[in-house]
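Okay, thanks for coming, everyone. I'll put the structure up now, and then we can walk through a few parts of it together.

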Amino acid sequence: MTDLEHFGHVIGGKEVDSHDGATFQSINPYTREPWAQVALGGVADAEAAVAAARKAFDEGPWPRMGYAERQRLLHRLADTMEAHADELASADSRDMGKPWNQCHHDVARAALNFRFFADHAKMAMADTLPMDTGHHAYTRYEPAGVVVAIAPWNFPLMLETWKVAPALAWGNTVVLKPAEDTPTSATILARLAVEAGLPEGVLNVVHGYGPQSVGEALTRDPRVDRITFTGETGTGRIISRAAAENLTPVSLEMGGKNCNIVFADADLENAVDWSIQSIFRNAGQICLSGSRLFVQRPVFDTFLERFVGKAEAMRFGDPLDPATEFGPLASEEHFRKVKGYVDTVEEAGGRMVTGGVGDGWFVKPTVLVDMPLDSPHVCEEIFGPVVVVHPFDTEDEVVALANESEYGLDAQLFTEDLHTAHRVAARLEVGTVWVNCFFVRDLRAPFGGVGASGVGREGGNFSREFFTEPKAVIMQINGEPRDRQA
Ligand code: NAD
């Protein structure tokens with residue numbers, strides 16, 4: 001055990017252990033062996049992190065230094081992350097079993113998050129409203145204060161920076177709590193932030209669990225001004241209730257049971273390729289996964305045959321091997337949850353065309369048909385490489401099926417008909433629609449979900465609205481000169 005790498009909290013610019021010295025281990029899901037020892041925080045550590053962020057906000061230079069200087073430092077942090085890309089990618093890969101190339105993609109996106117939001121904050125326009133009364137009103141975006149960011153384990157570094165980057169760019173200070181299954185890249189990020197010259201206390205990282213621990217303490221702390229959370233819908237409800245006590249604004253990005261609709265006129269090769277990515281990338285552990293796949297009846301059999309062929313051809317293996325396309329599930333607990341669905345397909349009235357449980361914590365790409373529409377496999381978020389495929393006949397029918405879910409994160413649709421694309425995109429009750437593609441992002445666009453999938457939007461100006469206190473200043477601009485008054 002002595003060769004485990006050690007990862008502390010980073011509080012007030014220093015890497016520290018927990019007050020009580022407690023630690024936990026991060027398990028590599030491929031080897032099923034621990035590879036890192038991590039500080040296990042408690043309430044006292046959460047309080048220390050908030051105190052450091054509060055002090056840095058109330059007394060430190062960060063909120064006062066101006067957009068250009070923050071932009072310079074955040075770009076320097078992005079440069080430093082790119083220089084440490086292998087270390088960051090390896091941390092996420094070992095923590096959660098994600099294939100190496102996907103981890104590198106996430107690191108590049110994480111660095112881009114800092115670059116994009118640093119530039120956006122510097123360049124963003126603010127409304128000035130000429131008024132008929134001889135005044136004008138203009139808008140200032142004041143930093144909100146201390147931001148708590150609580151992250152899930154499926155895109156550790158990428159989703160953490162999706163929150164941390166805009167919060168910092170708009171002049172806030174941050175306490176980041178990564179998921180307990182994927183703690184290590186957050187410590188590396190905070191070390192790099194110190195190296196890049198961010199002042200102490202601007203980015204703090206505290207590790208630990210959620211309920212009755214670090215997570216809960218952070219969401220109940222009255223010194224916190226914003227809470228941004230990504231994770232399960234049930235956790236989002238709990239955080240919402242905790243935040244309500246202090247009237248702390250929350251942004252919640254939560255679960256999904258997303259539909260993927262393939263119309264008969266679609267470019268089938270393109271539809272198959274994106275549909276494979278949509279449900280089997282990251283072993284299906286993507287909130288945006290198209291886990292309910294609806295295929296129009298004339299092409300159902302052809303589509304299914306090609307889709308199953310590509311699913312079966314995916315390369316399993318050691319996630320650290322760049323040739324691997326498909327890794328194990330992120331933890332034993334999660335593997336057991338997904339296995340529970342795979343084991344009950346027939347009992348629920350459906351049929352498995354391909355897939356099933358593999359070695360270790362692997363679940364193979366699994367394709368289900370004939371599943372009753374009210375079965376757990378169709379209604380619940382499995383968050384693994386398991387897709388239910390249904391035929392449909394008409395547009396009205398498939399739109400009704402798609403909208404039946406309590407979730408509404410995103411949808412994909414494949415068609416060569418522009419009218420169908422626009423019409424169906426407008427009718428789907430979701431936060432994002434991808435037409436003939438998947439996973440393509442513009443960081444200016446709103447990102448978030450409808451219903452049980454989310455509260456609020458982040459991205460571009462939407463992140464600005466959340467991470468700042470917009471202020472109206474109303475000025476008289478054509479008053480009489482003083483010497484002509486009275
Ligand atoms: P989770 O809700 O179990 O945990 C997320 C984070 O919340 C972790 O850091 C955890 O420690 C913390 N937490 C748990 N209980 C808490 C509490 N009572 N108070 C404060 N913090 C608490 O989610 P997960 O299993 O890590 O992630 C998977 C889920 O995330 C899936 O439902 C997935 O769809 C969702 N997700 C959504 C998006 C999106 O953008 N909408 C993106 C990725 C993942």
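Let's start at Gln 25, which lies in strand β4. Keep in mind that what you're looking at is a predicted model. So is Gln 25 buried, exposed or something in between? Gln 25 counts as partly exposed, because its relative accessible area is 37%, and the range for that label runs from 20% to 50%. If you go looking for Leu 40, you'll find that Gln 25 and Leu 40 are 15 residues apart in sequence, with 9.1 Å between their C-alpha atoms.

Now look along the whole of β4, residues 23–28, where the side chains alternate. Which ones point to the buried face? Those are Phe 24, Ser 26 and Asn 28. On the other face you have Thr 23, Gln 25 and Ile 27, and these are not buried.

Strand β4 has a partner, β5, covering residues 33–39; the two run antiparallel and 6 bridges join them. To pick out one pairing, Ser 26 has Ala 36 as its bridge partner in β5. The two strands make a hairpin with 4 residues between them, and there Arg 32 takes a positive phi near 60°.

Back to Phe 24 for a second, since it leads us to Glu 180. Those two are 156 residues apart in sequence, yet 9.0 Å apart in space, C-alpha to C-alpha. Where does Glu 180 sit? You'll find Glu 180 in the loop between β9 (173–177) and α6 (184–196). Glu 180 is partly exposed too, because its relative accessible area comes out at 28%. Setting aside neighbours within four places in sequence, Glu 180 is in contact with Phe 24, Gly 208, Tyr 209 and Gly 210.

Okay, on to a pair of helices. The axes of α4 (residues 100–123) and α15 (residues 460–467) come within 11 Å and cross at roughly 75°. That angle makes α4 roughly perpendicular to α15. Which residues meet there? From α4 it's Phe 116, Phe 117 and His 120, and from α15 it's Gly 460, Asn 461 and Ser 463. By type, the contact splits into 2 nonpolar residues, 4 polar and no charged.

Let's zoom out. The protein chain is divided into domain 1, which is 5–254 plus 453–472, and domain 2, which is 259–435. Their C-alpha centres lie 31 Å apart. The contact between them takes 24 residues from domain 1 and 29 residues from domain 2.

Next up is an open sheet. Seven strands form it, in the order β15-β16-β17-β14-β13-β19-β20, and the pairing is mixed. At the edges are β15 (351–357) and β20 (432–435), each pairing on one side only. From one strand to the next, the twist averages 20°.

At the β20 end, how many bridges join β19 to β20? There are 4, and the two strands run parallel, with β19 covering residues 410–414. One pairing to click on is Leu 413, whose bridge partner in β20 is Val 435.

Last thing: the helices that lie across those strands. Helix α9, residues 268–280, lies across β13, β14, β16, β17 and β19, running at about 160° to β19. Helix α11, residues 332–342, lies across β15, β16 and β17, and runs at about 155° to β15. That's my tour, so over to you.

Key. Residues are numbered from 1 along each chain as its sequence is written. This is a predicted model: local features need pLDDT of at least 70, side-chain atom pairs count only at pLDDT 80 or more; totals for chains, interfaces and linings use all residues. Side-chain values use heavy atoms; hydrogens and water are left out. Axes are lines fitted to C-alpha atoms, for helices over the stretch in contact, and angles run from 0 to 180 degrees between N-to-C directions. Angles under 35 degrees count as roughly parallel, over 145 as roughly antiparallel, 65 to 115 as roughly perpendicular and the rest as oblique. Contact means heavy atoms within 4.5 Å. Ala, Val, Leu, Ile, Met, Phe, Trp, Tyr, Cys and Pro count as nonpolar, Asp, Glu, Lys and Arg as charged, and the others, Gly among them, as polar. Buried means under 20% relative accessible area, exposed over 50%, partly exposed in between (1.4 Å probe, protein chains only). Two strands pair if DSSP finds at least two bridges between them. Domain bounds come from an automatic or database domain assignment.
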